[in-house]
Amino acid sequence: MDTVYFDHAATTPVDERVLDAMTPYFTEHYGNANSPHGLGNNAKVAVEEARETIAEIIGAEPAEIIFTSGGTESDNCAIKGVVNATGKTEVITSPLEHHAVLHTAEALKRNGAKPVYVEPTSEGIITAKQVEEAITENTAMVSLMHVNNEIGSINPLKEISEVCKEHNIPFHSDTVQSVGKIPVDVEELGLDFLSISGHKIYGPKGIGVLYMRHATPWLPWMHGGSQERRRRGGTLNVPGIIGLAKALELSQQEMDDHRTHFIKLRKRLINGLDETFGNRYQINGDTENGVPHIINISFLDPNGDGLDGEMLLLNLDVEGICISNGSACTSGAMEPSHVLEGIGLDTQTANSSIRVSLGKQNTAEEIDYFIKKLEVVVKRMMGPVKA
């Protein structure tokens, strides 16, 4: 095999059906959606149809959908918008969040805001009780991701949202790793804000969504023209919007089939790891209730020391296997994963971790090839791998 791609939590290839839907809006229907002529109106109609599609899939109203450049902008918009609107300074979050949330919360310190970090369980879960205990009169909002991008753990958003409603506090969730993969309905989950990124669901890069519930206190942080009802200035990325809507539609239609596929591949992967490595590896996160397509693995050498995860990645890359050791936004930082340290792993174990994130086009043969190459690489790095 030339290349085996197991890094779908970082990004996904654009589905050909998505590309087909987008192409006319680069070449034929290229008008600015805010222009008053026919070409502009054609683009505007397509944008509004895409907005309706997205809203229907996540259980929202079309007017509650704001198009952004991606998950990072959506997270920034939600958190900064609520803090600026409420005048309150505390943002409840967790140390396991994507840096789009963590760095946004930290940046607000310059304006007097205060991030409040709720400590997760060893499986990477935040409970509703923990959130309730953290709430004060100065809490502006709660921001907790749905599915963790490094270990695949799923937070109980519905239970957390009930606590937030009792205290009249807006609740935001980064659902970049869950939308299109597991059911997400803003009414069922009780969300006030939700972030989506197109390139995580076989759509294009550079396009995202912020869902914002009607009447939630919020002020825009990006200013410019009157686009998006003056909530987000800037010329609309029409091809990207069309692509995101199509990608989400396809992901929703094929969700059950993909989940079944991922469960089978995950089982094959774990069986291969057990047969090859015995007790010389561990899976991090919630192994019972997490999503099936994200598997975070740590290796230990015979002396109990952590394997060099960065070197492991480089060796596997030479073999044509594309994986990561966590978020693509921090890979290469040569620091332990903040997620793995946040769930209590020591530095050596955290540094020995790799993340396998499966995609819909992956095969059983690729899993077998990966195990074979992994055994060769690990043996070369730390001796025979049999326990």
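**Sheets, rings and a buried asparagine**

In strand β10, isoleucine 297 serves as the bridge partner of isoleucine 283. I begin with that pair of residues, and I should say at once that the model before you is a predicted one.

The two isoleucines belong to the pairing of β9 with β10, which is antiparallel and extends over 4 bridges. That pairing is part of an open sheet of 3 strands, in the order β9-β10-β12, with antiparallel pairing. The edges are taken by β9 (281-284) and β12 (353-357); each has a single partner strand, so one side of each is left without a neighbour in the sheet. From one strand to the next, the twist averages 30°. Helix α11 packs on this sheet and touches β9, β10 and β12, and its direction makes about 150° with that of β9.

Let me now turn to a polar residue in this region. Asparagine 284 is found in strand β9. Is asparagine 284 buried or exposed? The relative accessible area of asparagine 284 is 4%, and it is therefore buried, the cut-off being under 20%. What does its side chain meet there? One polar contact, of 2.9 Å, joins it to the side chain of glutamine 282. Another polar contact, also given as 2.9 Å, is made with the side chain of serine 298. Leaving aside neighbours within four places in sequence, the residues in contact with asparagine 284 include Ile151, Asn296, Ile297, Leu340 and Ser353.

Next, the aromatic residues. How many aromatic pairs does a search of the whole structure find? The search finds 2. In one of them, phenylalanine 6 and phenylalanine 370 meet edge-to-face, at 5.5 Å centre to centre and with 90° between the planes. Phenylalanine 6 lies in the loop between β1 (4-5) and α1 (16-22), while phenylalanine 370 lies in helix α15 (residues 364-382), so this pair ties together parts that are 364 residues apart in sequence. Phenylalanine 6 is buried, with a relative accessible area of 0%, and phenylalanine 370 is likewise buried, at 0%.

The other pair brings us back to the sheet with which I began. The ring centres of phenylalanine 277 and phenylalanine 299 are 5.2 Å apart and the planes stand at 65°, so this pair is edge-to-face, the angle being over 60 degrees. Phenylalanine 277 belongs to helix α11 (residues 255-277) and phenylalanine 299 to strand β10 (residues 294-299), so the pair ties together parts that are 22 residues apart in sequence. Both phenylalanine 277 and phenylalanine 299 are buried.

Two lysines also lie over aromatic rings. Lysine 80 is over the face of tryptophan 221, at 4.4 Å from the ring centre. Lysine 360 is over the face of tyrosine 202, at 4.2 Å from the ring centre.

I close with another sheet. It is open and has 7 strands, in the order β2-β8-β7-β6-β5-β3-β4, with mixed pairing. Here β2 (65-68) and β4 (114-117) stand at the edges, each with a single partner strand, so one side of each has no neighbour in the sheet. The twist averages 20° from one strand to the next. Strands β3 (residues 90-93) and β5 (residues 139-143) pair in the parallel sense over 3 bridges, and the bridge partner of isoleucine 92 in β5 is valine 142. Helix α4 (residues 71-86) lies across several strands, including β2, β3 and β5, and runs at about 160° to β7 (193-197). Helix α5 (residues 99-107) lies across β3, β4, β5 and β6, at about 135° to β4.

Key:
Residues are numbered from 1 along each chain as its sequence is written. This is a predicted model: local features need pLDDT of at least 70, side-chain atom pairs count only at pLDDT 80 or more; totals for chains, interfaces and linings use all residues. Side-chain values use heavy atoms; hydrogens and water are left out. Rings of Phe, Tyr and Trp (its six-membered ring) pair if their centres lie within 6.5 Å; planes under 30 degrees apart count as stacked, over 60 as edge-to-face and the rest as tilted. Buried means under 20% relative accessible area, exposed over 50%, partly exposed in between (1.4 Å probe, protein chains only). A charge sits over a ring if NZ of Lys or CZ of Arg is within 6 Å of the ring centre and within 35 degrees of the ring normal. Two strands pair if DSSP finds at least two bridges between them. Axes are lines fitted to C-alpha atoms, for helices over the stretch in contact, and angles run from 0 to 180 degrees between N-to-C directions. Contact means heavy atoms within 4.5 Å. A polar contact is a pair of N or O atoms within 3.5 Å; within protein, one must be able to donate a hydrogen and the other to accept it, and residues adjacent in sequence count only if both atoms are side-chain atoms.
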